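Trainee: I should like to learn how to read the features of a protein model. May we work through one together?

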Amino acid sequence: RLCRPLSFAFGGDATLSCLGSDFGWQGRVDYPRKGNDFSDKLARIPLELAEDKTGKHKLLVMFQMCLIRTERCLQWLVDPAPEILLKDEKKQLLILSRGCSVFAFNFSAGKVSNLSLNIPRLKGVTRNFKCVLNTQDQRFGGAASDPAPVVPLTDGEMKLVLLAQSAMVLAPAEVDDAVCKDKVLQLRSADEFIDLVQNDTGVSPIVSCQMPTLDQMAAEAKDAGKDATKADATEADTGTADTAKADTTKAEGAKAEAVKVDAPKADAAKADETKADTAKTDAAKGRHIACASGLSAIMSRARKADAANAQASKLEVARIEKNVMAKAVREDTAADAKTPRTPKTPRTPAEDSRKATPAEGEANAEQSNKDAATAAASKPSDAEEEETRRDQATKAWLHKFW
């Protein structure tokens, strides 16, 4: 019972058993030939041994039938290659996985309790596994008190209990529904199996189910974790939004109550503010009027002062001009006094005795008239002389002081 599930788990995509070995017959087979005088005495396989309720062949034939039907239900041969999860030669333990199933073998003569098995591919997966086939099942002649225990898988780790020289086939607990539909797998003893074989003329149908592999379980758990995280985030956001909405509503209600309570105070404060603004406006108007009056008075005084300053400036200029003119006259007089006069040349008696001719007299008279007219025309008027004199005095004064 240990070798058959081991070869079935490590095999390719099928299993093969020789005729007679399925129920453990170990007799010699000798087909008819010349050496035995073509006797068929040893060529016959005693199939009736498998249906003998008094013998033990019925136990092995039932185990062989349950093993085949369990594989057809779980279909682990579809997975191309098994994966060894644990191999301990000292303790004689071997655990492997294939498809959705986990195979645990204990070849030692002692019981292994509380064996911790870590499955890396199922990291983060939490679900229940169930023993669907146990070589120590009492219906196969074993001594297991609970042949189909439920083994919880928590975050990719499970705890196993292996009896001495036993093997277990574990599968997800959901497969129990499909196993319950198989008539052969539900038999509780080998005698019931013999009765079923002898009395049931039809073939009991094999029930199969599509179970996810370990990788698919890990992917489903990862997606479920994402969905759960998203749902938690959504729920948290919804709760936060509801709380925020409630807080906002509460704050608005409190604000409305505060507005109702503070409305009279606000009105009184507004009236006081209006009164204060009016007083400020009146004070500003008074200050503006006072400033305007003061500015007018200042401008009037400034105009009067400018007029007085202008008159004083005119008087000062006239005084300065007068002094400058007087000084210029004094200087001219002094210059004339210092300049020597040229004496007149006395006329000779001949010049005095000579009388001018009538033509000369007319010419001289005409020349005298012309000279008098020219002198009269070139002589400036009194006003022009005064203006010229004042300009010269002003220029002299300006040149002296600036």
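Mentor: Let us begin with a helix. In helix α4 (residues 190-199), the residues A190, F193, I194 and L196 are buried. Buried means under 20% relative accessible area, exposed means over 50%, and partly exposed lies in between, with a 1.4 Å probe and protein chains only. Helices (H or I, at least four residues) and strands (E, at least two) are DSSP runs, numbered from the N terminus. As for the source, this is a predicted model in which local features need pLDDT of at least 70 and side-chain atom pairs count only at pLDDT 80 or more, while totals for chains, interfaces and linings use all residues. Residues are numbered from 1 along each chain as its sequence is written, and side-chain values use heavy atoms, with hydrogens and water left out.

Trainee: Why are the buried residues of α4 on the same side of the helix?

Mentor: The general idea is that an α-helix has 3.6 residues a turn, so residues three or four places apart point the same way. In α4 the buried residues cover an arc of only 160° around the axis, which puts them on the same side. The arc is that of the directions from the helix axis to the C-beta atoms. The cover over these residues includes α2, where contact means heavy atoms within 4.5 Å.

Trainee: Which residues are buried in helix α1?

Mentor: In α1 (residues 3-10) they are R4, P5, F8 and A9. Seen down the axis of α1, these residues fall within an arc of 125°, so they line one face of the helix. Their cover includes α2 (57-74), β2 (93-98), β3 (101-106) and β8 (166-172). F10 is also found in α1, but at 37% relative accessibility F10 counts as partly exposed. Leaving aside neighbours within four places in sequence, F10 is in contact with P82, I84, L94, L96 and R98.

Trainee: How should one read the sheet, and in what order do its strands stand?

Mentor: Strands of a sheet pair through backbone hydrogen bonds, either parallel or antiparallel. Two strands count as paired if DSSP finds at least two bridges between them. Here 8 strands form an open sheet in the order β1-β2-β3-β8-β5-β6-β7-β4, with antiparallel pairing. β1 (83-88) and β4 (112-118) stand at the edges, each with a single partner strand, so one side of each is left without a neighbour in the sheet. On average, neighbouring strands of this sheet are turned by 25° against each other, direction ignored. Helix α1 packs on the sheet, touching β1, β2, β3 and β8, and its direction makes about 40° with that of β2. Helix α2 lies across β3, β5 (127-134) and β8, running at about 150° to β5. For such angles, axes are lines fitted to C-alpha atoms, for helices over the stretch in contact, and angles run from 0 to 180 degrees between N-to-C directions.

Trainee: What lies between β6 and β7?

Mentor: The two strands form a hairpin with 2 residues between them, and D155 in the turn has a positive phi of about 55°. Strand β6 (residues 150-154) is joined to β7 (residues 157-162) by 2 bridges: L153 has M158 as its partner, and T154 has E157. On the other flank, β5 and β6 pair in the antiparallel sense over 4 bridges. The covered face of β6 holds V151 and L153, and the uncovered one holds V150, P152 and T154.

Trainee: How many aromatic pairs are counted?

Mentor: Rings of Phe, Tyr and Trp (its six-membered ring) pair if their centres lie within 6.5 Å; planes under 30 degrees apart count as stacked, over 60 as edge-to-face and the rest as tilted. By this rule there are 4 aromatic pairs. F63 and F140 form an edge-to-face pair, 5.2 Å centre to centre with 80° between the planes. F63 lies in helix α2 and F140 in the loop between β5 and β6, so the pair ties together parts that are 77 residues apart in sequence. Both F63 and F140 are buried.

Trainee: Which residues have the most contacts inside the largest nonpolar core?

Mentor: A nonpolar core is a set of buried Ala, Val, Leu, Ile, Met, Phe, Trp, Tyr and Cys residues joined through side-chain atoms within 4.5 Å. The largest has 58 residues, and those with the most contacts inside it are M158, L160, L170 and V175. Helix α2 supplies the largest share of this core, 7 residues.
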